[in-house]
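Please open the model in a viewer and keep the sequence panel visible. The tour below proceeds by selections, each followed by a description of what is found there.

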Amino acid sequence: MPRKIEPIHSFPRRLRMAMTLRKMNSMDIVRASTVGCKQISNYLNGHNEPTVSSLLHLCEALDVSADFLLGMTDDPRIKNKRKVKENG
C-alpha cells in the first residue's frame with residue numbers, strides 16, 4: 001500500500017525537523033542559502049509556502065530532500081545530489 005502523502009501545511013513541522021536534525025537555526029540557513037530571515041520565519045509559522053526556488057535552496061542548506069520537506073518521505077537523505085544554480 002502506498003505511503004500517505006502529508007498535506008502542505010506539514011511543511012513548517014518538516015522544516016523544524018530538518019533544522020533540528022542538522023542542528024541549524026534560522027540564521028544558519030540564511031548564511032547557507034539565498035532565503036531571507038523573514039521568509040524562514042514565515043515558513044516556520046505557516047504564513048507562507050516556499051517557492052520552488054526557495055525550497056531547493058532550503059534543501060541544499062539543510063542537506064535534505066524536497067520530498068522530506070514536503071512530507072512525501074520520512075527519509076531526509078538526498079538520492080541524486082546536484083548543486084542549485086543561482087538562476088535556475
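How many aromatic pairs does the count come to? The count comes to one aromatic pair in this predicted model. To see the pair, select Phe 11 and Tyr 43, whose rings meet edge-to-face, with 6.1 Å from centre to centre and 85 degrees between the planes. An angle over 60 degrees is what places a pair in the edge-to-face class. Phe 11 belongs to helix H1 (residues 11-21) and Tyr 43 to helix H3 (residues 37-44), so the pair ties together parts that are 32 residues apart in sequence. Both Phe 11 and Tyr 43 are buried.

Next, display the whole chain as a cartoon. The chain holds five helices and zero strands, and its pattern along the sequence reads α-α-α-α-α. The chain has 88 residues, of which 35% count as buried. Among contacts with a separation of 6 or more, 52% come from residues 24 or more positions apart.

Return to helix H1 and select it together with helix H4 (residues 52-62). At what angle do H1 and H4 pack? The angle is about 25 degrees, and the axes are 10 Å apart. Angles under 35 degrees count as roughly parallel, and H1 and H4 are therefore roughly parallel to each other. Their crossing is left-handed. Now show the side chains at this contact: H1 contributes Phe 11, Leu 15, Ala 18 and Met 19, while H4 contributes Leu 55, Leu 58 and Leu 62. Phe 11 thus appears a second time on the tour, as a member of the aromatic pair and of the contact between H1 and H4.

With H1 still on display, add Arg 14 and Phe 68. Arg 14 lies over the face of Phe 68, at 4.7 Å from the ring centre.

Move on to helix H3. Which residues of H3 are buried? Ile 40, Asn 42, Tyr 43 and Leu 44 are buried there. The elements that cover the buried residues of H3 include H1, helix H2 (26-32) and H4. Following H3 in the chain, select Gly 46, which has a positive phi near 75 degrees.

Two residues other than glycine also deserve a selection for their backbone. Lys 23, in the loop between H1 and H2, has a positive phi near 55 degrees. Is Lys 23 buried or exposed? Its relative accessibility is 74%, so Lys 23 counts as exposed. Asp 63, in the loop between H4 and helix H5 (66-69), has a positive phi of about 55 degrees. At 33% relative accessibility, Asp 63 counts as partly exposed.

For the last stop, select Ser 33, in the loop between H2 and H3. Why does Ser 33 count as buried? Its relative accessible area is 15%, and buried means under 20%. To look at the surroundings, add His 57 and Ala 61, which are in contact with Ser 33 when its neighbours within four places in sequence are left aside. Finally, draw a distance between the C-alpha atoms of Ser 33 and Leu 62: these two residues are 29 residues apart along the chain, and their C-alpha atoms are separated by 9.3 Å. Leu 62 was met earlier, among the H4 residues in contact with H1.

Technical notes. Residues numbered from 1 in each chain as written. Predicted model: local features only at pLDDT ≥ 70, side-chain atom pairs only at ≥ 80, totals over all residues. Heavy atoms only, no water. Phe/Tyr/Trp six-rings, centres within 6.5 Å; stacked < 30°, edge-to-face > 60°. Helix = DSSP H or I, 4+ residues; strand = E, 2+ residues; numbered from the N terminus. Buried < 20%, exposed > 50% of the residue type's maximum accessible area, 1.4 Å probe, protein only. Lys NZ or Arg CZ within 6 Å of the ring centre and 35° of its normal. Axes fitted to C-alpha atoms, helices over the stretch in contact; angles between N-to-C directions. Parallel < 35°, antiparallel > 145°, perpendicular 65-115°, else oblique. Left-handed = near helix turned anticlockwise from the far one by under 90°. Contact = heavy atoms within 4.5 Å.
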